[in-house]
Amino acid sequence: MKRNQKLIVNQTLLAIFCVVLGAVLLTTYASFQMKAIYDEDLTELGVVADNLYLEELNQGKPGDFTMDDDGTVFKGEFQITGNSAAIDEMKEKTGMDFGICWMDTWVVTTLTDESGNRLDGTKAPDAMEECLQTEQPVFMPNEKIGGDTYYGYVMPCHNSDGSLKGMIMVAKEAGHVNQEIRHHVIMMILLRSEERRVGKECR
């Protein structure tokens, strides 16, 4: 009888160990996957932002950012205000949204409000203020902008004398990121199911 009781205790302890081990593995897997998604989107947005900034603004349209008396913004001789053709083309190529700000105000952007109107001329989200304050790139996860929620990468815009004139942002709809997260959640559920199966076999 004592031997049977000892066997039952050992089996129970082994089953508990299997369950705990499975939970630890599940948590570790989830942490790595969430970090991977975060880093992947940060890297992707950063690369696109760098390319747009260097190629479209510096190389393709040389010169400093200026604003005339009418409030029209230029990059060298190129008029940015109201000129949405370039960023619309970039959106078609990449599937991402773009925007250029004069300080904290959108000059031109593919982002729209709930009615589908461009946000040109409106104030940028408060979360972008950090970029103006630190003059460093800022990553914004799940930020409500206009009519949707985005992952955004914001970069400061400087003139040749180092003065800060505004920001440029590349944004990716959060729905796309959330779809990737749902995929990994399914994988975690499957892993959890396997952990339970192994736990039963250990009993």
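Two strands pair if DSSP finds at least two bridges between them. The exercises below apply this to a predicted model and then turn to its cores, rings and cysteines.

**Exercise 1. Determine in which sense strand 4 and strand 5 pair, and which residue of strand 5 stands opposite Ile-100.**

Step one is to count bridges: strand 4 and strand 5 are joined over 4 bridges, and their sense is antiparallel. Step two is to find the partner across the pairing, and there Val-108 of strand 5 stands opposite Ile-100. Step three concerns the turn, since the hairpin of these two strands has 2 residues between them, and Met-103 in this hairpin takes a positive phi near 55°. As a last step, the cover of strand 5 can be read off, for 4 of its 5 residues are buried and the strand is thus described as mostly covered.

**Exercise 2. Identify which residues touch the most other members of the largest nonpolar core, and which strand gives the most to this core.**

The core has 19 residues, and the two that touch the most other members are Ile-80 and Phe-98. Among the elements that give two or more residues to this core are helix 2 (85-94), strand 4 (97-102) and strand 5 (105-109), while strand 7 gives the most, with 4 residues. Apart from this core lies another of 17 residues, which includes Trp-106, Val-138, Leu-164 and Met-167.

The surroundings of Ile-80 can then be traced: leaving aside residues up to four places away in sequence, Ile-80 touches Phe-65, Val-73, Phe-74, Lys-75, Ile-100, Val-107 and Val-108. Two of these neighbours, Phe-65 and Lys-75, also meet each other, in that the charged end of Lys-75 sits over the ring of Phe-65 at 5.4 Å from its centre. Val-108 is also touched by Ser-84, which has Arg-118 as a further contact under the same exclusion of residues up to four places away in sequence. Ser-84 itself has its place in the loop between strand 3 (78-79) and helix 2, and it counts as buried at 17% relative accessibility.

**Exercise 3. Classify the aromatic pair formed by Phe-139 and Tyr-151 as stacked, tilted or edge-to-face.**

The structure holds 1 aromatic pair. The ring centres of Phe-139 and Tyr-151 are 5.8 Å apart and the planes stand at 65°, so the pair is edge-to-face, given that planes over 60 degrees apart fall in that class. Phe-139 belongs to strand 6 (residues 138-145) and Tyr-151 to strand 7, so the pair ties together parts that are 12 residues apart in sequence. Both Phe-139 and Tyr-151 are buried.

**Exercise 4. Explain why Cys-101 forms no bond with Cys-157.**

The structure holds 0 disulfides. The closest cysteine sulfur to that of Cys-101 is in Cys-157, 8.3 Å away, which is too far for a bond, because a disulfide requires sulfur atoms within 2.5 Å. Cys-131 is likewise in no disulfide, its nearest cysteine sulfur being that of Cys-157 at 8.0 Å. Cys-101 is buried with a relative accessible area of 4%, and Cys-131 is buried with 0%.

**Exercise 5. State where Glu-135 and Asn-142 are found, and how their phi values stand.**

Glu-135 lies in the loop between helix 3 (129-134) and strand 6, and its phi is near 55°, a positive value in a residue other than glycine. Asn-142 is found in strand 6, with a positive phi near 50°. Glu-135 is partly exposed at 34% relative accessible area, and Asn-142 is partly exposed at 44%.

Definitions and conventions
Residues numbered from 1 in each chain as written. Predicted model: local features only at pLDDT ≥ 70, side-chain atom pairs only at ≥ 80, totals over all residues. Heavy atoms only, no water. Core = buried A, V, L, I, M, F, W, Y, C linked by side-chain atoms within 4.5 Å. Buried < 20%, exposed > 50% of the residue type's maximum accessible area, 1.4 Å probe, protein only. Contact = heavy atoms within 4.5 Å. Phe/Tyr/Trp six-rings, centres within 6.5 Å; stacked < 30°, edge-to-face > 60°. Lys NZ or Arg CZ within 6 Å of the ring centre and 35° of its normal.
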